[in-house]
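Please work through the following exercises with the sequence and the structure at hand. Each task is followed by a solution in steps.

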Amino acid sequence: MPSTISPAVPSPDASTEWSVSSCRKQEPLNRPALKCLPDAVRFSARLLILSFALCAVAYGQDAGKPLAPRRAQPATGPLRVNPANRRYFTDGSGKAIYLAGSHTWANLPDRGQLNPPGVAFEYGAYMKWMVDHNFNFMRLWTAELPDAGPGPDYSEGNFVALPWKWLRTGPGVATDGGLKFDLTKLDQSYFDRMRARTITAGQNGIYVSVMLFNGFEWQFDTNPKDGDPFVATNNINRISCPDTCPTDNARIPDAAWEIETAYIRKVVDTVNDLDNVLYEVSNEAGSPYSDSWQARVINYIKQYESSKPKQHPVGMTFQWKGGSDLTLYNSAGDWISPGSHVPPSDGTKVIVNDTDHSYGYVDFKRDGQPAQRAWVWENFAVGNNVLFMDPYLTKWPERNYPEGSTADPEVGVRPDKYWNIIRDAMGSVETYANRMNLVAMTPQGSLSTTGYCLANPGVEYLVYQPSPKPFTLRLPVGIYQFEWFNPATNLVAGTGVMTVADRNQSFTSPFDGDAVLYLHASAK
């Protein structure tokens, strides 16, 4: 016997219920009446599916209402891995906390191509922009070189402004033209800014991953005028640990490790009392040379925080170059950012899939905006948190064209709208994560022919269909509320009630392109 369903209803104006024997429904006044077959006609399952497709054509595909953003409640405690579903964090409330957001290079140190950088990063405007996009997570960047020179980071803003981690006291001048560093004297203003910006983010419902080191710069951006604090000619402490040495256990001298651990303790002391904090060891320090050093840093943070009032998750992100996701999974990190495009999540680690590591902008641009959007939804459906390496206001030929001009020719005023496709997708998955009982949802791609399904079987389902094709979903017999969401327009295209009498249920989206189907069982 065919199911009693209503999967292809684009009208958002009212919930709708269909039956097999009758096609009657309340028509909106501005819609043509739906032509129904006589009550006596008994549909086969295949003809029933076809009729829903015809209904969608009759109604047109322009109907819909915006998805109402839903943000998570403010943190009620520091994050920890959720014991009930280890793909996600919890804050002590028991709820699963889903992380989705954006980050950009100048959100802690001012950067630019003027020396010194002449355009201050407007953090208040950045926070409003993050909230407007329904983001709740970001990486708080750091830098290692005062002048990254002509290397890969040139377009990110090769000059980095004060304050720095350590005071530049002299005597003497470093290779970048500034005073030499005293590595025994931490610059309090740097940590004051770190704390203030983390607090502001928390007040806006945003979790912050504090980046401790930026190993990518030591690996790829060193140059004769970089002012690298760990080079003996640039500090007054006669510490010599050039290029990748600060991230390599086989090379780092005890004196340099002591400087690093003093800095780590200062970071922890600065933000330990805040609930919205995570730590990241390093941005893209390579492998295998940084493997044991990163493990050493993770253990040091955990040991030092163990005596503090609060403990926060420590993350290890992909090691470029030479890295392997297996190293991350085998680490003591609480969360990881792998290099795989859409890695499966089995709860071994909380995965924050960051485009910075898994989907470079060259591939992004080549694949196009539908693929960018699909990347977000596919990762959501397999249990991964998501993060976008957002160029924001940085002008970068072939990558980012923000509107407006500032004193720095490489810094704009308004973000490039091209990237709104992926930004909007991240805000939408955050909304659905907060609407669902996410802690009970697990990736169960085998339930749907799409391969992308989060499910609490018999209770709640979210299915992503990347292509404009019918699909099936295995459901227990029962009555379900349904909702069709169009990821391309960010509109809810239809809602209603369906009665399932056949476990393998077929669905056809009421619009072209990729689609999201959200189902939850009706209360009995």
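The exercises below concern a predicted model.

**Exercise 1. The surroundings of Thr 355**

Task: Determine whether Thr 355 is buried or exposed, and describe its surroundings.

Solution.
Step 1. Locate the residue: Thr 355 belongs to helix H8, which covers residues 355–358.
Step 2. Consider its accessibility. The relative accessible area of Thr 355 is 4%, and because buried means under 20%, Thr 355 is classed as buried.
Step 3. List the contacts. Leaving aside residues up to four places away in sequence, Thr 355 touches Gly 360, Phe 364, Trp 375, Leu 387, Phe 388, Met 389 and Ile 422.
Step 4. Look for a polar partner. A polar atom of the Thr 355 side chain lies 2.8 Å from the backbone nitrogen of Met 389.

**Exercise 2. The nonpolar cores**

Task: State how many residues the largest nonpolar core has and which residues have the most contacts inside it.

Solution.
Step 1. The largest nonpolar core has 95 residues.
Step 2. Trp 377 and Phe 380 are the residues with the most contacts inside this core.
Step 3. Helix H5, residues 254–271, gives the most to the core, contributing eight residues.
Step 4. Examine Phe 380 itself. Not counting residues up to four places away in sequence, Phe 380 touches Tyr 98, Val 429, Tyr 432, Ala 433, Met 436, Leu 454 and Leu 462.
Step 5. A second core, separate from the largest, has 19 residues and includes Tyr 461, Leu 473, Phe 482 and Met 498.

**Exercise 3. Strand E23 and its partners**

Task: Describe how strand E23 is covered and how strands E18 and E20 pair with E23.

Solution.
Step 1. Strand E23 spans residues 515–521 and is mostly covered, with five of its seven residues buried.
Step 2. Strand E18, residues 460–465, runs antiparallel to E23 and is joined to it by six bridges. Opposite Leu 462 stands Tyr 518 of E23.
Step 3. Strand E20, residues 478–486, also pairs with E23 in the antiparallel sense, over six bridges. Here Phe 482 has Leu 519 of E23 as its bridge partner.

**Exercise 4. The disulfide**

Task: Identify which cysteines form a disulfide and give the handedness of the link.

Solution.
Step 1. The count of disulfides comes to one.
Step 2. The link joins Cys 241 and Cys 245, with their sulfur atoms 2.0 Å apart.
Step 3. The angle about the S-S bond is -95 degrees, and the link of Cys 241 and Cys 245 is left-handed.
Step 4. Both Cys 241 and Cys 245 are buried.

**Exercise 5. An aromatic pair**

Task: Classify the aromatic pair of Tyr 432 and Phe 485, and place both residues in the chain.

Solution.
Step 1. The structure holds 41 aromatic pairs.
Step 2. In the pair of Tyr 432 and Phe 485, the centres are 5.6 Å apart and the planes make an angle of 65 degrees. Because planes over 60 degrees apart count as edge-to-face, the pair is edge-to-face.
Step 3. Tyr 432 lies in helix H11, residues 420–435, and Phe 485 in strand E20, so that the pair links distant parts of the chain, 53 residues apart.
Step 4. Tyr 432 and Phe 485 are both buried.
Step 5. Both residues also belong to one aromatic cluster, whose members include Tyr 88, Tyr 98, Trp 377, Phe 380 and Tyr 518.

Technical notes: Residues are numbered from 1 along each chain as its sequence is written. This is a predicted model: local features need pLDDT of at least 70, side-chain atom pairs count only at pLDDT 80 or more; totals for chains, interfaces and linings use all residues. Side-chain values use heavy atoms; hydrogens and water are left out. Helices (H or I, at least four residues) and strands (E, at least two) are DSSP runs, numbered from the N terminus. Buried means under 20% relative accessible area, exposed over 50%, partly exposed in between (1.4 Å probe, protein chains only). A polar contact is a pair of N or O atoms within 3.5 Å; within protein, one must be able to donate a hydrogen and the other to accept it, and residues adjacent in sequence count only if both atoms are side-chain atoms. Contact means heavy atoms within 4.5 Å. A nonpolar core is a set of buried Ala, Val, Leu, Ile, Met, Phe, Trp, Tyr and Cys residues joined through side-chain atoms within 4.5 Å. Two strands pair if DSSP finds at least two bridges between them. A disulfide is a pair of cysteine sulfur atoms within 2.5 Å. Rings of Phe, Tyr and Trp (its six-membered ring) pair if their centres lie within 6.5 Å; planes under 30 degrees apart count as stacked, over 60 as edge-to-face and the rest as tilted.
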